[in-house]
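Q: Could you walk me through this model before I go back to the bench? I'd like the overall picture, and then some detail.

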Amino acid sequence: MGQGFMGKVLMVDLSTGKIRDEIVPDKVYEDYLSGMGLGAYMLYKHIPPDADPLGPENMLGFVSGLLTGTGSLFTGRWMVVGKSPLTHGWGDSNCGGNFSPAIKRCGYDGIFFTGKAEKPVYLNIVDGKATLEDASDLWGKDTVETEQMLISRATGKAKPRVACIGPAGEKLSLISGVSNDGGRMAARSGLGAVMGSKNLKALCLSGNVKTPVANKARMKELSAACNKWVQFQPPFLPGTATFPVGALLRILPTGMAQDGMLYKVMLKKWGTVSMNQVSIEMGDSPIKNWKGTNLDFGPLKSFSVNPDVFTKAETKKYFCFSCPLGCGGICKLNKGPFSHTHKPEYETVLALGGLLLNEDADSIFYLNELLNRAGMDTISAGGTVAFAIECYEKGIISAKDTGGLALTWGNSEAIIELVEKMIRREGIGDILADGAKSAAQLLKGGSENFAVTGGGHELPMHDSRNDPGFGVHYKAEPSPGKHTIGSYLYYEMFQLWKVLKGLPKPWLFYPKGVKYKTGRDKAVMSKTCSTYMNVVNGSGGCMFGAFLGAKRIPFFDWINAATGWNKTPEQYMEIGERIQTIRQAFNLRQGIKPKEVELHDRAVGRPPLCRGANKGRSVDIETLVANYWEEFGWDRATGNPTPATLSKLGIEQP
Ligand code: SF4
């Protein structure tokens, strides 16, 4: 067996209760790494065409990363993968915490479930022995309670690590996810519902197996050099100063290529909420269901979510496994039934704040904990509530439908009650619990115009009218509607031109109009982001780490040190292409026609906004996407990988 990985996965058939080890050939790791790549390889092999995402034939995988537990940094992230019931294509969701090393400490790179248990169960692995246990008493419990109950039952030597669903996943909400570490969510793609459909409440893992590392001395040397960059932290401005930074970025006639070191400084001080006011002001954050602007949520309102509001409530920093930065935090709550919550992330604050014109920070703290405990995606929940408010505004739903709730913009009490109804699937909440697109299909009456999604996935809090690079991935990724893959900003921060030949280097200052051109350089940037993030996700890497730049955060060198391989960055990027292409082939096999995946008109400025930071901006998304597909060696008209590309990458025809 090779080094850096465990060389096997656990296969669990929930219908028969049969559990077995499956050896994974070394060549699979050389071709796909682990994490996202291993998941893609397994799902493509095992899920039949046109599978029902909530049926027993869907396979649900929990994968660690190739670099997790090897002494590298920023590499403790795990992923859940399966066919998404929300988009009906490839689904993945990425999460930090401590579950990724727990998978490897049990001796596996991944755990894959098929079938459906007759009654609620959880998978328990203790010191190498895997069993399915009765979860009847856990069913109905929230994610935090479930985790605490399972930890209290621990019998192994090592502290167990738990991944579980809450009531939202049990009730098959299509916007539900999987939680670990007291409410840190792998929230996207609706995979909590897949877990619920299988009657699988949780995984509880306890083991002590070490990950073999080929060159420990080199690993140590690389990680020490990386850590120096992370620990560098100049004195910094107060959170209130982030508003003028955003305003300046909006007013300046030129864009400026970003070095991720600046973002790192902000992340280390505040976490992702550091971007709240900057993003609103510069037009990065969508407002009022994507039809408003920074002027609708101006400084007087957005001040309520300035970064200091969140750090003031922070009682301690939170670090994922192997992270030297610690962008997370635990916050004390002064109001409501919960005493603590994970510090809300930027995405959560803006999805439940600016997107709804909600300036009540207490409500955002509460909703964050409520949704994490229910196991429901905060981005999708915010997007769906925004959809509902606009339906109410247009008279498509009335107070009679909402059970008397006055669903108006910024009405935090009504927003809270609506989210509670969604979690309980009660009244209008039952319709909304499956996301905006599904709700629009039921409500009709023109409501589909207000479901702002990419391929059925509620869009995240980065406006593609401000950075069209986001739009390409929202529409054209195998898992559409996600912000964790690429944009022109991410390309600047990854700085891959420093380690790979032939990539365009952005100018330090450039006219803002350049971002809206559709030349080949844009396709190269988008493809490079997708490809690189597949390598990062195959490694268990954190995107925020990757933002520090490929020279400072040496994923390629770390993989060589862990495995003993001697691959070049170009060879790793070819692996990233393979992972991307097999995910696209997976979608074709599941009946997705990439060209028909929709991105909401508002996300591309059709029609353009009449005021605010993104005034007059529209995006030629069709040309950008066609160029992007072509850059991958896929058909530019259909998005189907060509036979020549599949053959070059060694992927079976879909
Ligand atoms: S930077 Fe934040 S999200 Fe990334 S590994 Fe560290 S704590 Fe986790």
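What follows is a conversation about the overall build, the domains, two sheets and one helix.

Q: What should I know about the model and its numbering?
A: This is a predicted model, in which local features need pLDDT of at least 70 and side-chain atom pairs count only at pLDDT 80 or more, while totals for chains, interfaces and linings use all residues. Residues are numbered from 1 along each chain as its sequence is written.

Q: How many helices and strands are there?
A: The protein has 26 helices and 19 strands, where helices (H or I, at least four residues) and strands (E, at least two) are DSSP runs numbered from the N terminus.

Q: And why call it as compact as a globular protein of that length?
A: The radius of gyration is 23 Å, close to the 26 Å that the globule rule gives for 654 residues, so the protein is as compact as a globular protein of that length. The radius is taken over C-alpha atoms, and the rule is 2.2 Å times the number of residues to the power 0.38. Along the principal axes, the C-alpha atoms fill a box of roughly 60 × 55 × 50 Å.

Q: What percentage counts as buried?
A: Of the 654 residues, 62% are buried, a residue being buried if 20 or more other C-beta atoms, placed from the backbone, lie within 10 Å of its own.

Q: Which domains is it divided into?
A: There are domain 1 (8-206), domain 2 (273-451) and domain 3 (468-649), with bounds that come from an automatic or database domain assignment. The C-alpha centres of domain 1 and domain 2 lie 27 Å apart. Their contact takes 35 residues from domain 1 and 24 residues from domain 2, and two residues are in contact if their C-beta atoms, placed from the backbone, lie within 7 Å.

Q: Which element gives the largest share on the domain 1 side?
A: Helix 5 does, with three residues. Other elements that give two or more residues to the side touching domain 2 include helix 3 (99-105) and helix 4 (143-152). That side divides into 13 nonpolar, 17 polar and five charged residues; Ala, Val, Leu, Ile, Met, Phe, Trp, Tyr, Cys and Pro count as nonpolar, Asp, Glu, Lys and Arg as charged, and the others, Gly among them, as polar.

Q: Switching to the sheets, what is the order of the one with strand 8 in it?
A: That open sheet has six strands in the order 8-7-12-9-10-11, with mixed pairing, and two strands pair if DSSP finds at least two bridges between them. Strand 8 (129-134) and strand 11 are the edge strands, each pairing on one side only. Within the sheet, strand 7 (residues 121-126) and strand 12 (residues 200-206) run parallel and are joined by six bridges, and V126 stands opposite S206 in strand 12.

Q: Which strands are at the edges of the sheet with the order 2-1-6-3-4-5?
A: In that open sheet of six strands, also with mixed pairing, the edges are strand 2 (18-23) and strand 5 (90-95). Strand 1 (residues 8-13) and strand 6 (residues 110-114) pair in the parallel sense over five bridges, and V9 stands opposite G110 in strand 6.

Q: One last thing: why is helix 19 described as largely enclosed?
A: Nine of the nine residues of helix 19 (residues 468-476) are buried, so the helix is largely enclosed by the rest of the structure. Those buried residues, among them F470 and Y474, pack against strand 17 (453-454), helix 20 (488-494), helix 21 (520-539) and helix 25 (621-631).

Technical notes:
A residue is buried if 20 or more other C-beta atoms lie within 10 Å of its own, exposed if 12 or fewer, and partly exposed in between; C-beta atoms are placed from the backbone.
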